[in-house]
Structures are given as C-alpha cells and as structure tokens.
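Work through these exercises with the sequence and the structure side by side. Try each task before you read its solution.

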Amino acid sequence: MRFALVGQPNCGKSTLFNQVAGYKAETGNFAGTTVKFEETKVRVLGDVAELVDLPGTYSLLGTNPAERVVLDYLIAKKVNAVINVIDATHLIQGLLLTLELMEMGRPMVLAINMMDEASRQGLKIDGKKLSELLGIPVLPMIATRGQGVRETFIQAYRTAKEKKVPQPQKYGDEIESAVTDIKSKMKQGRFPISRRAIAVKLLEGDPGITKKVEKKNPGIIDIIQGHLDTLCHHSSRQAIWMVATERQKTARDLSQKVSKQGETHFTIRDKLDDFFLHPIFGYIFLLLVLGGFFILVYGIGNWLEEPLLSFFNNLTDLILNLLNAEGLLPQLIVGAIQGISGGLAIVLPYLVPFLLGLGFLEDIGYLTRIAFLSDALMHKIGLHGKAIVPFILGYGCSVPAIMSTRIMEDKRDRLLSAALVTMIPCAARLSVIFGLVSFYLGPWAALGIYFLNLFVIAITGKIFTHFLPEDSPGLILEMPVYRLPTLRTITAKAWFRIREFIFEAWPLLIVGSVILAALNYYSITPYLDKIFQPFTWALGLPSEVGTPLIFGIFRKELSLIMLAQALGTTNFGAVLTPEQMFSYTVFVVFYIPCIATMITIKNELGAKNMWLITGLSMFVAITAALISRLLFFLFI
Amino acid sequence: MQRRLTQLGFLPGNKVRIIRAAPFHGPLLLEVEGREIVLGRGVASHIFVEYI
C-alpha cells in the first residue's frame with residue numbers, strides 16, 4: 001500500500017512526514033523546500049504502508065520542475081490514497097488543490113494542518129461539515145505537535161482499503177460539456193488517472209498530457225482546440241482561467257460555509273515587515289544579521305578549533321615518540337589521526353553553528369524577506385531574488401544548493417545560478433578559509449576572501465549574462481508568515497545536514513588521509529604533484545600542494561587536511577608565506593566542484609553542463625588566484 | 001508564466017493590493033486572495049489592473 005502526501009508549499013507536509021519518518025525530509029519556512037521526494041515506511045493498524053512526501057505545489061499545473069514531479073508521480077505510480085495537507089489559515093487557496101486532486105480518481109483524505117495557528121487568528125473551521133460537503137474524510141491536525149497525525153493515517157488506510165474514490169465537483173455547463181465530449185473522444189482503455197482529470201488537464205493545455213493523449217488518439221488536438229475556441233468565444237476568457245475561476249468560486253463557497261472568522265487578533269506581521277522590509281532599515285538590518293551571523297560562526301568555531309587542534313597535535317607527537325617514527329605503521333596512525341582531527345577540530349566547529357543559524361533564519365521566515373530585499377541586486381548579475389536561496393544554502397553545502405535551483409522556472413537561470421553557486425565557499429571550504437587564512441592571517445583576511453569571492457561571482461555573472469541575456473519572468477514568490485521555530489525542528493534539520501558530513505564525508509576524509517600517508521611513505525606523491533605543477537607553479541606555491549588539491553576534488557576539506565600530510569606539519573605558518581596561504585585558499589575556493597556536487601549538477605542539468613561548469617570553475621580559480629597574487633604584490 | 005500566476009490567484013476579477021515595493025526598482029509585495037505574493041517588476045508589468 002502506498003500513500004502520497006500532497007499539499008501546497010509551506011503547508012507542513014514535510015513536518016508531518018518527519019513526525020512519522022524520524023528526520024528525513026528538509027523542512028523550512030520557504031516555498032519549495034522539498035525539491036525531491038522522500039519515501040518512508042509507516043505502520044498503520046499492524047500493516048506496513050509506504051509514504052511518499054511530494055514537493056509542495058499550488059496546483060497540478062506543473063509550472064516548474066519541482067511541481068511537475070507531483071503530477072508525474074500521481075500518473076506513474078500506484079497511489080492507494082492521497083493525503084492532502086492544507087494550511088487552515090489559507091483555507092480557500094488550499095481547497096483549490098483539494099478540488100483538483102479530487103478529480104484524479106484516487107481515494108483521498110484531507111488533513112487541515114496548523115489548526116493552532118488558525119485558532120490564534122480567531123478562525124474556526126467545521127471539519128465535519130467540510131467532510132459532508134466534499135464527500136471525503138476531513139481531519140484536523142497540528143503536525144508540529146503530532147496532533148491528529150495518527151488519526152489521519154488510520155483514516156487514509158481505511159479509505160484506501162475501501163477504494164473510495166471521491167466524487168469530483170461539477171463545473172459550469174460550458175466546461176462540463178467540453179469535458180464530456182473530450183472524454184468520449186478518447187479511446188477506451190486503462191488510464192493511470194481518471195478520464196475526467198485528463199480531459200480537464202487537456203483543456204488547461206498541459207503540454208505533457210496533451211502529447212501523451214495525442215499519441216494514442218491522433219487528431220484529438222483539433223477537437224480540443226475546437227472546444228477552446230468555443231469556450232473563448234462564449235466568455236472571452238481562456239479555458240485555463242475559466243477552470244481556475246470556477247474552482248476558486250467553489251472553494252470560496254466551501255470556505256464560507258465551513259469557517260467562521262471570530263475576532264481577528266492583531267497581526268504583528270505587517271508591523272514587523274514595516275521594519276524588516278524597510279527601504280533603509282531593512283538593508284541595515286540585513287547587513288547586521290549577516291555580519292552577526294558571520295561573527296558568531298567565526299567566534300564559536302575559532303574558540304573550539306584552537307584547543308582541539310593542539311590536543312590532536314600533542315597526541316600525534318606522543319604517538320610518534322612512543323612508536324618508532326620511521327616505520328610505516330606510525331605514519332599511518334598519524335595519518336588517521338589527522339583525518340579525525342580534520343573533521344572534529346576544523347570542520348565541525350564551524351559547520352554546526354552555521355547550520356543551526358541558517359535553520360533559524362529559514363524557519364522564522366527571514367530567508368524570503370532576504371529574497372525580496374536582494375532582488376534588485378541579483379538582477380545586476382543576471383539573476384533574480386529567488387536565486388538568493390541557492391546562494392545562501394551554498395554557504396552550507398553546494399549539493400542542496402544546486403538541488404534548490406529547481407525552484408526557478410527558467411533553464412538559463414538554473415544553469416547560471418548552479419554555476420555561480422559552485423563558487424560559493426561551502427562549509428567545507430569555510431573550514432579551509434578559517435583553518436588556514438583566518439587562523440594564521442586573522443579574521444580580516446578571511447573576510448577579504450569572502451569579498452573577493454563575491455566580487456568574482458558578480459563578474460562571472462555579468463560576463464555570463466553578456467553572452468546569455470536574461471529573459472526570465474523574474475521573481476514570483478509567496479511571502480510566508482513569521483513563525484517561531486521550535487528548537488527541535490532546527491536542531492533536527494541541522495543534524496540532518498551534519499549527518500551527511502559525519503557518515504559520508506568524514507570516513508572518506510580519514511581513509512584519504514591514511515592513503516596519503518602511505519603514498520608519502522613510499523614517495524609516490526611527487527608524481528601526483530606533477531599533474532598540478534603547471535598550476536602550482538603559476539600560483540607560486542610549493543609543488544607538494546598538488547596532492548592535496550587532487551584530494552580536494554573528492555572533498556574540499558581534504559585540501560586542508562591533506563596539506564598537513566603533504567607538508568608534514570599542521571603548523572602551516574612555518575612552511576607557507578601569507579601570500580601562498582592566501583592564493584592557495586582562493587584557488588581552493590573556486591576550482592573544480594567536489595565530486596558530490598559534480599554528480600548533482602549532472603543529475604539536475606545534464607553531463608554537458610557539468611563539464612561546462614567544471615571547466616568554468618577551473619578557469620575562474622586560476623584567474624582569481626592570480627588576481628589575489630597581484631593584490632599582495634601591489635599592497636603588501 | 002500565465003499558468004504560474006493563475007495558480008497563485010491572479011485571475012480576472014480578483015482584487016490585488018500593493019503592500020510595499022522594494023527600493024532600486026525592486027519587486028512588489030502584493031496581496032491577492034489573502035496571500036502575500038512577491039512579484040518582480042518584469043512579471044508585474046504584464047498584469048493589467050483597473051485602479052479602484
């Protein structure tokens with residue numbers, strides 16, 4: 001048995017999913033957090049069912065790739081029951097999707113989420129009456145606290161067992177007769193969704209479904225076009241609007257019948273937005289927030305890094321003293337310790353506070369406000385405000401950042417933001433910046449790298465836009481309400497992302513560190529260094545750094561940890577000049593995205609674009625490192 | 001784009017209120033059908049409205 005969670009963005013599907021799945025789906029107070037879907041198994045009444053969390057979608061029109069997934073999934077997979085989640089505070093909008101889903105011919109239940117928020121706003125919803133009017137089970141729910149979750153699944157299970165298909169709502173006569181006619185003109189046979197839903201989608205002009213139906217029923221396009229012309233002629237409106245307008249009317253009527261607006265409590269949202277979105281204070285506050293965030297992450301990370309590093313350095317010395325320092329074994333052990341300390345002392349101290357802070361900004365609803373404020377600025381580099389999301393996520397990890405480019409409708413926008421996002425220093429590169437530049441050259445030098453990085457990204461965006469001009473519709477985004485996030489969802493979300501580092505990257509890091517120690521012991525690394533020699537020579541770096549750079553392609557933080565291996569010390573200040581540390585870090589920040597990122601780009605945008613972005617990043621890395629050398633030459 | 005605006009509630013006959021605009025020719029924050037939607041100027045310029 002399989003259940004599918006369907007709902008509009010930001011209605012709490014993922015929160016519900018996580019209630020039953022442990023923490024597997026990313027949640028956030030931002031439209032389009034779930035860009036790919038997660039599956040889990042749930043136990044209902046002693047039976048095991050599969051549950052899939054589909055991306056949020058306003059309707060089944062499929063206007064961007066993330067939303068397209070929902071319709072495609074419902075067509076391609078056998079779903080025994082649809083669990084439709086709607087936000088109680090946006091009842092009318094939520095019901096629009098419900099009405100559309102009811103046409104699909106699948107058993108379904110409706111969960112009205114955020115009942116607590118609704119009652120806070122003085123809104124009363126009569127679920128029983130709504131259930132009678134719609135003819136499907138309706139359940140109240142507060143997903144954040146797990147209330148109504150069990151009941152919803154039990155009801156979904158029962159409905160699926162009974163195979164009770166909802167009775168779709170009727171449209172006006174004009175549309176109904178068109179739908180009936182199109183239905184009768186389609187060949188008999190089995191359809192994955194109801195024939196009525198297909199007919200409506202054809203009237204709405206869904207390109208995917210039209211193509212499929214046309215293949216089986218040649219000539220149906222003319223019939224559809226005939227209906228579209230008639231409808232347009234009668235009402236002087238396009239069919240897609242007529243359908244939407246009628247659904248909206250039905251949803252309004254339903255909402256009026258079942259909900260009662262009590263005394264409206266004063267919403268502080270507008271007051272807050274007056275300040276946060278203010279043309280002057282809004283930007284000052286934005287800079288303060290980002291600056292404070294940066295200082296906080298730096299402060300906490302630095303405070304933890306120093307004692308941890310010295311602890312591991314002492315440990316290494318101790319082991320080298322105890323064992324014979326010349327043998328292979330102690331070298332391997334030291335290599336392993338360097339891998340462990342790299343993760344624990346260099347990466348985690350910065351990664352953990354960063355992810356906690358980012359989760360907070362996201363859940364409270366500030367991230368969308370940043371998109372609003374930065375739209376004008378982003379247009380300068382040929383993108384729009386929505387691209388700020390992958391950009392900010394990119395400071396955590398490039399992989400989710402590249403996935404999140406799906407929230408953009410336009411292909412060209414996706415390619416450009418993916419290319420630029422790979423150049424944003426992710427948490428792994430942050431550890432290089434902080435562990436090397438900030439630690440030895442001071443926080444101002446680290447900040448300098450961040451500014452240089454933004455400058456290079458802006459220039460790259462400008463050049464890219466010169467060749468591929470911007471022609472996208474621009475920003476279309478729903479502004480979420482401010483929500484006080486719970487500590488649990490933030491820590492869970494941070495853990496969700498940290499887990500990836502601990503279980504996937506860290507072991508690789510330790511193994512890589514041991515391998516490099518062995519390579520060093522057998523003096524093989526000089527051959528590896530040869531590959532990177534043209535670059536290391538051009539950047540004025542010792543040729544030993546070639547090996548860490550190759551390992552850095554696997555994981556960016558390896559380019560710091562392996563550096564210790566390659567140079568034979570963790571005290572980089574003794575072997576590298578400030579200029580070398582700076583240009584090395586700049587090169588690491590920009591060059592070839594890590595393997596995981598490259599694979600993500602390939603999955604999202606195709607192999608050709610992956611190589612394009614990789615090549616571009618190499619070119620940018622060399623240019624940027626040379627610029628930084630020049631800066632050192634001129635000013636210091 | 002028309003499909004996308006349709007699903008956000010920008011339909012003929014619906015009322016739209018401009019709540020605020022971002023500076024530097026930035027996007028508009030609009031209220032339509034009880035929702036707050038951010039629209040870039042490029043998109044917003046394609047919507048025909050009657051001033052009421």
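**Exercise 1. Decide whether A:Phe633 is buried or exposed, then place it in its surroundings.**

Step 1. A:Phe633 has a relative accessible area of 69%, so it is exposed. The cut-offs are these: buried means under 20% relative accessible area, exposed means over 50%, and partly exposed lies in between (1.4 Å probe, protein chains only).

Step 2. Find A:Phe633 in helix α28 (residues 607-635) of chain A. Helices are DSSP runs of H or I with at least four residues, strands are runs of E with at least two, and both are numbered from the N terminus.

Step 3. Look at its partners. A:Phe633 forms a nonpolar surface patch with A:Ile627, A:Leu630, A:Leu631, A:Leu634 and A:Phe635. Together the patch has about 670 Å² of accessible area. Patch residues have over 30% relative accessible area and no salt bridge; nonpolar side chains (Val, Leu, Ile, Met, Phe, Trp, Tyr) are joined within 5 Å, like charges within 9 Å. Areas come from the Shrake-Rupley method with a 1.4 Å probe, and for residues only the protein chains shown count as cover.

A note on the model: it is predicted, so local features need pLDDT of at least 70 and side-chain atom pairs pLDDT 80 or more, while totals for chains, interfaces and linings use all residues. Residues are numbered from 1 along each chain as written, chains are lettered from A and ligands numbered from 1 in the order written, and side-chain values use heavy atoms, without hydrogens and water.

**Exercise 2. Explain why helix α24 of chain A counts as largely enclosed.**

Step 1. Helix α24 spans residues 558-567.

Step 2. Ten of its ten residues are buried, so the rest of the structure largely encloses the helix. Among them are A:Leu558, A:Met562 and A:Gln565.

Step 3. Move just past the helix. There A:Gly568 takes a positive phi of about 75°.

**Exercise 3. Find which residues A:Thr597 contacts.**

Step 1. A:Thr597 sits in helix α27 (residues 595-605) of chain A. Its relative accessibility is 2%, so it counts as buried.

Step 2. Set aside neighbours within four places in sequence. A:Thr597 then contacts A:Ser398, A:Val399, A:Ile402 and A:Thr422. Contact means heavy atoms within 4.5 Å.

**Exercise 4. Trace the salt bridges of A:Arg247.**

Step 1. Know the rule. A salt bridge is a side-chain nitrogen of Lys or Arg within 4 Å of a carboxyl oxygen of Asp or Glu.

Step 2. A:Arg247 pairs with A:Glu100, with the closest N and O atoms 3.9 Å apart. A:Glu100 lies in helix α3 (residues 91-102) and A:Arg247 in helix α11 (residues 239-258), 147 residues apart. Both residues are buried.

Step 3. A:Arg247 also meets A:Glu204, at 3.2 Å from N to O. A:Glu204 lies in the loop between α8 and α9 (207-216) of chain A, so this pair ties together parts 43 residues apart in sequence. A:Glu204 is buried too.

Step 4. Widen the view. A:Glu100, A:Glu103, A:Lys201, A:Glu204 and A:Arg247 are linked in a network of salt bridges.

**Exercise 5. Describe the two chains by their elements and burial.**

Step 1. Chain A has 28 helices and nine strands. Of its 636 residues, 57% are buried.

Step 2. Chain B has two helices and three strands. Its elements run α-β-β-β-α from the N terminus. Of its 52 residues, 52% count as buried.
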